[in-house]
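Biologist: I would like to go through this structure with you, term by term. Please set each value against its cut-off.

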Amino acid sequence: MKLAIIGSGMIVNDFLTMIGDIPKIQLEAIVGTERSLDKMKLLKDKYGINKVLTNYDDCLKSDDVDTVYIALPNHLHFSFAKKAILSKKNVICEKPFTLKSSEMKELRELAFTNKVLLLEAITNQYLANYKKIKESLKDIGAIKIVECNYSQYSSRYDAFKKGEVLPAFNPKMGGGALMDINIYNIHFVTGLLGKPEKVAYLANIEKGIDTSGILSLDYGDKKVVCIGAKDSTAPIRTIIQGDKGAIIIEGPTSTIDKFTVINSQNKSKTIDSKVHVHRMYEEFTEFERIISEADFETMTKHLDHSEIVMGVVDKGLESAGIILG
């Protein structure tokens, strides 16, 4: 994979600490604005990126690049991904894929038309511990209740309350608790249970954006609550309750460091099958394989999953009266 990184924010800095452990991924370019030029030059020198670009079109015209990793604010995902696909580049797009499912579906159609790979960067779907959770569901019987709580007080919330609206709390830029951290919970749950029958979002809304909220997913014979908060904090934990036991994950659904299975006799075992200490290693290892092998079948499965997630997002935002973009 000959990769161009689009953006230079926090997620890119995190990504770069890991990517050297996947030698098949060549860092051909980092692309950003003139304002970020000095920062990008430092990243280029530190991580061995071949070149710095401030013009996205130049990146898309380059034969040195076959894949772009879009790590920009949420509202830019659709336009930057669309332009890359039309330029015959493979696309890895950070979560959330887009601001609404119609945009995601358009990207999907364009990817097949232009015969390029399109993938959403969402860590938990690729983690070995997540796959082990799927295998362990049989040990807890019929699932009845799932509760995911990812609540983390945002360092930007104080500024937001004073009137400084940064991207994380800007509805025009696709901010808010649902799209930022609760999105991990949605991926986690739908990856296990599929598409829910009903969706509702009870949100705490300030200045048109959800600073926290409770998303309910109704599966008929099982009920799910996904809590995401940027205006308050609590123990970050997920519990899957079955009629013969439970699975407990301490920590966010974005990392799944380990998990515990408890049976009906209250006997427990802790499982940790992670491959790498960095949460992004497994997904990018798989992205490299999918792209190098032109594995459209696996891509399609992941896009099917992402489409379910975007459908949940649409319904949740609509039920709370939140308009993004």
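Modeller: Just after α5, Lys115 takes a positive phi of about 55°. The model is predicted, so local features need pLDDT of at least 70 and side-chain atom pairs count only at pLDDT 80 or more, while totals for chains, interfaces and linings use all residues. Residues are numbered from 1 along each chain as its sequence is written, and side-chain values use heavy atoms, with hydrogens and water left out.

Biologist: What makes α5 a helix, and how does its reach compare with the expected 20 Å?

Modeller: Helices are DSSP runs of H or I with at least four residues, and strands are runs of E with at least two, numbered from the N terminus. Helix α5 covers residues 101–114, which is 14 residues. The expected span is 1.5 Å times one less than the number of residues. From first C-alpha to last, α5 reaches 20 Å, close to the 20 Å expected.

Biologist: Why is Arg108 called buried or exposed?

Modeller: Buried means under 20% relative accessible area, exposed over 50%, and partly exposed in between, with a 1.4 Å probe and protein chains only. Arg108 has 14% relative accessibility, so Arg108 counts as buried. Other buried residues of α5 include Met104, Leu107 and Leu110. The buried residues of α5 pack against α4 (77–86), β6 (118–121) and α10 (296–320).

Biologist: What makes Arg108 and Asp304 a salt bridge?

Modeller: A salt bridge is a side-chain nitrogen of Lys or Arg within 4 Å of a carboxyl oxygen of Asp or Glu. The N to O distance for Arg108 and Asp304 is 2.6 Å, and their side chains meet in a salt bridge. Arg108 sits in helix α5 and Asp304 in helix α10, 196 residues apart.

Biologist: Which other residue of α10 forms a salt bridge with Arg108?

Modeller: Glu307 does, with the closest N and O atoms 3.0 Å apart. Glu307 lies in helix α10 and Arg108 in helix α5, so this pair ties together parts 199 residues apart in sequence. Glu307 has a relative accessible area of 26%, so Glu307 is partly exposed.

Biologist: How do you know whether Lys230 is buried or exposed?

Modeller: Lys230 has a relative accessible area of 5%, so Lys230 is buried. The side chain of Lys230 meets that of Asp180 in a salt bridge of 2.4 Å, N to O. Asp180, at 25% relative accessibility, counts as partly exposed.

Biologist: Why is Leu202 called buried or exposed?

Modeller: Leu202 has 66% relative accessibility, so Leu202 counts as exposed. Leu202 is in strand β8, residues 198–206.

Terms used:
Contact means heavy atoms within 4.5 Å.
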